[in-house]
Amino acid sequence: MGNIINYYASGITAKGFYSFIENNLVDLKKLYILKGGPGTGKSDFMKTIAEMWINEGYDIEYLHCPSDNDAIDGIINSTMKVGLVADGDPNVVEPIAPNASIEYIKLGTELDINKIESNAVDIVNINFKVRDCYKKAQEHFRNALKTHDEWEKIYIDNMNYERADRFADEIIELLLKDFVSDKKAIVKDRFMGAATPEGSKDFIENLTSNISKRYFLKGRPGTGKSTLLKKLSKAASDKGTYVEVYHCSFDPNSLDMIILRELDICIFDSTAPHEYFPTRDNDEIIDVYKELVAPGIDEKYKKKIDKIITRYKAYIAQATGALKEAKDLHDRFEAIYSDSMDLSKMELMKNDLLLKISNISE
């Protein structure tokens with residue numbers, strides 16, 4: 001069996017909808033873009049293709065859907081350099097993969113138009129409500145980010161910045177000192193997790209399952225974890241290595257994890273909502289709070305921090321509630337389209353497409 005990794009290439013964030021899907025398609029040779037409305041089986045179709053490839057021993061990447069925990073937005077056969085992605089709001093994919101042959105596959109051509117038209121009012125109303133839910137979620141996330149900035153400021157004001165610069169250089173030297181390459185760097189931007197209708201989810205364990213050396217960054221908001229990761233990412237790309245850059249699903253301008261697979265190294269922000277602790281002999285903790293922040297800050301500002309955390313969690317809970325409501329509405333939307341399809345004809349079309357795509361590997 002080949003290597004299977006899972007990640008998010010897009011997400012609903014405090015900065016609005018953010019997508020790195022295109023960045024993960026640039027080195028493909030063949031790209032299928034699946035078109036079709038909700039309920040036309042795009043996710044299930046891609047899962048079927050992925051299972052076929054997995055059984056044939058290929059390396060597979062699952063691009064998960066942040067708005068539906070059971071769905072995917074795309075799959076990539078990284079062995080064959082072939083990908084499939086769903087084209088639909090909000091993940092409208094433009095064919096920009098410079099080395100890829102693009103082919104569009106339209107699902108849902110067997111829709112009963114009369115049934116769709118009879119539900120036209122419901123479709124419009126549901127679509128409007130879904131968009132309103134996403135607007136509310138983004139508003140709550142923006143408020144959460146402002147609150148998080150207050151939290152960060154407490155520690156930023158008590159940071160040893162001179163030591164922080166030296167500490168980052170020490171970590172970079174530790175991780176990259178023995179690496180030499182004359183290749184051009186490849187940088188992949190992704191999310192290791194996402195805000196979903198079921199709350200915060202991540203794929204850290206899967207993404208690091210084959211990495212022998214894992215560094216767990218511990219600290220507090222504003223203690224330089226993301227800055228350290230940004231410096232490491234630049235240093236690694238300057239040396240010409242393959243860099244997987246995992247952005248923060250809450251604030252995509254921040255980073256949560258760097259994986260350097262050529263060096264068999266991973267370093268990630270291991271604090272809530274993705275808090276992990278060492279479970280392997282080679283796992284190691286790097287505590288930036290102890291290294292860079294004046295002693296006693298947690299205790300000194302405890303009451304203020306507790307109030308900030310309470311407000312922050314309330315905003316996150318409200319945002320998650322809005323995402324859950326959007327998912328429930330979208331399920332109703334999909335049900336209308338599913339009930340309007342000729343499933344037998346749809347199955348025949350999918351089988352023809354499966355055969356077509358499977359022939360690529362022969």
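**Thr196, strand 14 and the cysteines**

Tutor: The side chain of Thr196 makes a polar contact with the side chain of Asn69 at 3.0 Å, where a polar contact is a pair of N or O atoms within 3.5 Å, one of which, within protein, must be able to donate a hydrogen and the other to accept it, and residues adjacent in sequence count only if both atoms are side-chain atoms. This is a predicted model, in which local features need pLDDT of at least 70 and side-chain atom pairs count only at pLDDT 80 or more, while totals for chains, interfaces and linings use all residues. Residues are numbered from 1 along each chain as its sequence is written, and side-chain values use heavy atoms, with hydrogens and water left out.

Student: Which strand does Thr196 lie in, and is Thr196 buried or exposed?

Tutor: Thr196 lies in strand 10, residues 193–196, strands being DSSP runs (E, at least two residues) numbered from the N terminus. Thr196 counts as buried because its relative accessibility is 1%, and buried means under 20% relative accessible area, with a 1.4 Å probe and protein chains only.

Student: Which backbone nitrogen lies 3.0 Å from a polar atom of the Thr196 side chain, and what does Thr196 touch?

Tutor: That backbone nitrogen belongs to Glu198. Leaving aside residues up to four places away in sequence, Thr196 touches Tyr8, Pro66, Asn69, Lys201, Thr320 and Leu323, contact meaning heavy atoms within 4.5 Å.

Student: Switching to strand 14, how many of its residues are buried?

Tutor: Strand 14, residues 255–260, is mostly covered, with six of its six residues buried.

Student: What is strand 14 joined to?

Tutor: Strand 13 (residues 242–247) is joined to strand 14 by four bridges, and the two run antiparallel, with His247 opposite Leu255. Four bridges also join strand 14 to strand 15 (residues 265–269), again antiparallel, and there Met257 stands opposite Phe268. Two strands pair if DSSP finds at least two bridges between them.

Student: Which residue takes a positive phi in the hairpin of strand 14 and strand 15?

Tutor: Asp264 does, with a phi near 60°, in a hairpin that has four residues between the strands.

Student: Now the cysteines: how many disulfides does the structure hold?

Tutor: The structure holds zero disulfides, a disulfide being a pair of cysteine sulfur atoms within 2.5 Å.

Student: Why is there no bond for Cys65?

Tutor: The closest cysteine sulfur, in Cys133, is 15 Å from that of Cys65, so the separation is too far for a bond.

Student: Are these cysteines buried or exposed?

Tutor: Cys65 counts as buried at 10% relative accessibility, and Cys133 counts as buried at 2%.

Conventions
Buried < 20%, exposed > 50% of the residue type's maximum accessible area, 1.4 Å probe, protein only.
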